[in-house]
Amino acid sequence: MTPFAAALLGLVSGAGLGALAVWLGVRHASARTASEVVARQQLTEILAPLAAAVVVVTAADTVLAASSFAKACGLARGSSIGPSAVVDLLAEARASGRPVERDLRLPAGPSSPAVQLDVKVVPLSNGAAVVVGEDRSADLRFSETRRDFVANITHELKTPIGAITLLAEAADAAADEPDAVRAFLGKLMKEARRLNELVSQIIALSRLQAQNPLLAAHEVDVQALLEASVARCREIAAASDVALSMSAPPGLTVLGDAEELETAVTNLVQNAIAYSEPGARVAVSSQASGSHVDIRVSDNGIGISDADQKRIFERFYRVDAGRSRASGGTGLGLSIVKHVAQAHGGEVAVWSRLGQGSTFTLRLPASQEGAPAWPGC
Ligand code: ADP
């Protein structure tokens, strides 16, 4: 029996709720006394705020009390147990006189999402029982996301690796034609660089997920941060005929990891250049906004539709895969930006209109001298 179920059993058979223990074994509610009703009310109050789905049922499977989550996910429906599988588990637990445990998926209701529960049914000595459902939906979602991520990585890696193999074979076959060999090698190097960029971004993303930058945070000067990011993009901006400008007042600071923040801002600037036509303008700026610092990267490039704006922060999502690949994109840049923002206690938002351009805003908490790096430390 879980400690929680044991504690519940203690409660329902203890002195404070003794009347309830009697009622639990009674089949007809008409036998209730005033003290039993009070005891039931007490039990309901105890269960209501619990994070787990907990239901106490009588010997006749009537719901006596249920936690709010048990009602929300449909484990308890009014005075009945919702899923028939749990009714079967109750019968099985009573017949064996021992707790039984099963994984159950409860379908979505009109106002509740589908949930995956680890359900334990603990029979009590008087025929009543306690049903405890631990929500495993987040674990399941996490492993599904990981599986999708691995599948995506495999697919993304296969493309440049396949191209490198073919180009190496082609160069070998054309060994007697120096011009052809040089052309194949040029393409091969481009694919190798793409592979390198992809692997670096995958590593960056998994590092970001594994560590908390605020635990070893430093004061980061925002002006210097923007200068460094813009400097990294000057060459590509010039090659793309895009005018890159910067305006950042001195004195703004945020707490965090300078390298991660520079990666995030650089990704936004590289995108602004990559998704603009020659002659476009890209502006990088920062300003204080209450207790935050806003870093903005604006372009008057191709823009992003409303539907795509909802998905561009997903890993490997690209509006136009061809254009992304042609500019050396991996589909991971914006998910890295999102992770960096969140890990620093901030967020990233996008405004965009198709054909007009886009503005990405990285909003970070401004650092306050003497404040702890992590709230609560
Ligand atoms: P990628 O490596 O493909 O650029 P990102 O995660 O950085 O991947 O961006 C996801 C997609 O969002 C891009 O493929 C592109 O379609 C779109 N996008 C990102 N930034 C911009 C921008 N400034 N203007 C237009 N589209 C953009």
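**Exercise 1. Placing the largest cavity**

Determine, in this predicted model, which domains the largest cavity lies between, and why.

*Solution.* Begin with the inventory, in which the structure holds one cavity of 30 Å³ or more, and the space in the largest cavity comes to about 30 Å³. Next, list the residues that line the largest cavity, namely Glu156, Arg194, Leu198, Arg318, Gly329 and Thr330. Domain 2 (137-210) and domain 3 (213-377) both contribute residues to this lining, and therefore the largest cavity lies between the two domains. Finally, sort the lining by class, which gives one nonpolar, two polar and three charged residues.

**Exercise 2. Describing the surroundings of the ligand**

Work out how many residues surround the ligand and which of them are the closest, and then establish which elements give two or more residues to the shell.

*Solution.* Start with the count: the ligand is surrounded by 20 residues, of which Asn271, Tyr275, Ser324, Thr330 and Gly331 are the closest. Thr330 is also one of the residues that line the largest cavity. Divided by class, the shell around the ligand consists of 10 nonpolar, eight polar and two charged residues.

Then examine individual polar atoms. In the side chain of Ser324, an N or O atom is 2.5 Å from an oxygen atom of the ligand, while a polar side-chain atom of Asp299 lies 3.0 Å from a ligand nitrogen atom. Gly333 takes part through its backbone, where an N or O atom lies 3.3 Å from an oxygen atom of the ligand.

Now turn to the coverage: on its own the ligand has 530 Å² of accessible area, and the protein covers 97% of that area. As the last step, assign the shell to secondary structure, where helix H9 (258-274), helix H12 (333-343) and strand E14 (357-365) are the elements that each supply two or more residues.

Definitions and conventions. Residues are numbered from 1 along each chain as its sequence is written. This is a predicted model: local features need pLDDT of at least 70, side-chain atom pairs count only at pLDDT 80 or more; totals for chains, interfaces and linings use all residues. Side-chain values use heavy atoms; hydrogens and water are left out. On a 1 Å grid over the protein atoms alone, a cavity is a set of points where a 1.4 Å probe fits but cannot get out, and a pocket is an open set with protein on both sides within 12 Å along at least five of seven lines; lining residues have an atom within 4 Å of a point. Grid points are joined across faces, edges and corners, and a volume is the space filled by probe spheres set on the points. Ala, Val, Leu, Ile, Met, Phe, Trp, Tyr, Cys and Pro count as nonpolar, Asp, Glu, Lys and Arg as charged, and the others, Gly among them, as polar. Domain bounds come from an automatic or database domain assignment. A residue is near a molecule or strand if one of its heavy atoms lies within 4 Å of it. A polar contact is a pair of N or O atoms within 3.5 Å; within protein, one must be able to donate a hydrogen and the other to accept it, and residues adjacent in sequence count only if both atoms are side-chain atoms. Accessible areas come from the Shrake-Rupley method with a 1.4 Å probe; for residues, only the protein chains shown count as cover. Helices (H or I, at least four residues) and strands (E, at least two) are DSSP runs, numbered from the N terminus.
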